[in-house]
Amino acid sequence: MNLSSNRARRRVAAAAGALLVTTLVTAGCGTQIRGDDDEAKGTLTYWSAWNVGEAQQEIFETVRTAFTEETGIEVEVEYLGRQVTQNLINALGNGTGPDLFDAGSRNILDYEGRGFLADLDALMETDIPGEDISVGESFTDAVREAASGEEGVGILPTYVNSSAIWFDASQFPELESDPPQEWDDFIALLDEQKAEGLTPLGADGTVPSYNVFWLYQLLVQAEGPGALRSLAEAPENWDQSYVLEAAQRVQQIVDGGYLQDDYMGTKYPDAQNQWAQGAHSFMLGGSYMEGETRDQQKDGFTARTFMFPAVPGGTPTVEVTASGLAINADSKNMDAANQFLAFAAQEKFQKLYASEAGFIAARSGVEQPETLRGLVEQIENADSVTQSHDLAAALHPSWWNDILLPLDDALFSGTITAEEFVARGKEQTAAYLAANG
């Protein structure tokens, strides 16, 4: 589902509006944002989803200290941790929100729909201080797409997440250079593992949003972006042959006995910690997995990834989910906020998300963590990209939570067959749309 034509039309209007609130002067091939003398002595506010002591918090402190030293603009921060979200939504809704806040692909569309996000298209054309490129030029198209909503760029991306199949390269060195490319090859690998008395796959089955990774990946590898979220939009979309085929492949994983005993009762992060200890060979998960299991990894453990295997006749698709900084659309300090984001886009700061936090830095061309090399290559070479859970959870949250996740858990647990999954999904989606329009 390509939104680029609509975005292009909207961005022209949005960029024109941004010029009314941002002082821009032409400089070389881009623009530079300059604050007036009064605002340069002002203060920005930022509510953070990070806790004091986390790498991301320390990175922000580095940026804000340097920014204040150079511009005289103070940045007041409240480090509120993960509980910030509801307080932030309430504050932005009643006009008491901060100038800057954390956002990402997971909530860009929601925040955009609520009118919370300042448009950043003009920022994308702004020269990065001390560099010869604009902010937008410092990111690949895939990352900019992940940082965008329906109406244009919504955040300055700082790091990106993706997903893949994780393995220990010290145990399976051949998979670094020769991973399974096709689904049948992957199943053959699992069969080999099982025949050797190993447990091929691990899963924290008490987390429905992790269980659905298998169905999600199989759908988008078959049909490309939009394959999963389309199931929420019309009952007849469940009749597509690739939907049943994806469900049958999930059932193949279950019926094959590849998962650890009691996987549906395993609580996060037990399974991924067991993987880090060598209890099972592979985990399907996000780019955060190596960092989350680092303290649990056995001696010599070498975490690496390979791309989710392709399905016959499919469209190989890579997940690219961005996180970063947004500007409040109602900020009274719009010029200073834009200055801060342009300043934060400098390579010396952006690379810290890789070197200090262990994430995939959003900026292209920086040295990325060795453990995430495979994922970085996937993103850089991707012809087809989607965002977390194919945006189904973001666009259709009630359907996602009330229909898809329970049905997927039933499929993933072996309680229902693939055919029952499709039939029930179609029936329940029809009822849901009839009730909700």
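These entries record what I looked up in this structure, which is a predicted model.

**Entry 1: a charged patch.** I began with the surface and looked for charge. A patch of negative charge lies there, formed by Glu 174, Asp 178, Glu 182, Asp 184, Asp 185, Asp 191, Glu 192 and Glu 196. I then asked which helix gives the most to the negative patch. Helix α8, spanning residues 183–195, does so with 4 residues. I chose Asp 184, which is found in helix α8, for a check of its accessibility. Asp 184 counts as exposed because its relative accessibility is 58%, and the cut-off for exposed is over 50%.

**Entry 2: strand β9.** I turned next to strand β9, residues 163–168, and asked how many of its residues are buried. The count is 6 of 6, so the strand is mostly covered. I found β9 joined by 4 bridges to strand β10 (residues 283–286), and the two run antiparallel. In this pairing, Ala 164 stands opposite Gly 285 of β10. Strand β11 (residues 303–306) is also joined to β9 by 4 bridges and runs antiparallel to it. There I noted Trp 166 opposite Thr 305 in β11.

**Entry 3: strand β13.** I examined strand β13, residues 321–327, and recorded 7 of its 7 residues as buried. Strand β5 (residues 100–104) is joined to β13 by 5 bridges in an antiparallel arrangement. Strand β8 (residues 156–161) pairs with β13 over 5 bridges, also in the antiparallel sense. I then looked up Ser 323 in β13: this residue is the bridge partner of Gly 104, and Ser 323 is also the bridge partner of Tyr 159.

Methods:
Residues numbered from 1 in each chain as written. Predicted model: local features only at pLDDT ≥ 70, side-chain atom pairs only at ≥ 80, totals over all residues. Heavy atoms only, no water. Patch = residues over 30% accessible without salt bridge, like charges linked within 9 Å, V, L, I, M, F, W, Y side chains within 5 Å. Areas by Shrake-Rupley, 256 points an atom, 1.4 Å probe, with all protein chains shown as cover. Salt bridge = Lys/Arg side-chain N within 4 Å of Asp/Glu carboxyl O. Lys, Arg positive; Asp, Glu negative; His and termini not counted. Charge placed at Lys NZ, Arg CZ, Asp CG, Glu CD. Buried < 20%, exposed > 50% of the residue type's maximum accessible area, 1.4 Å probe, protein only. Pairing = 2+ DSSP bridges.
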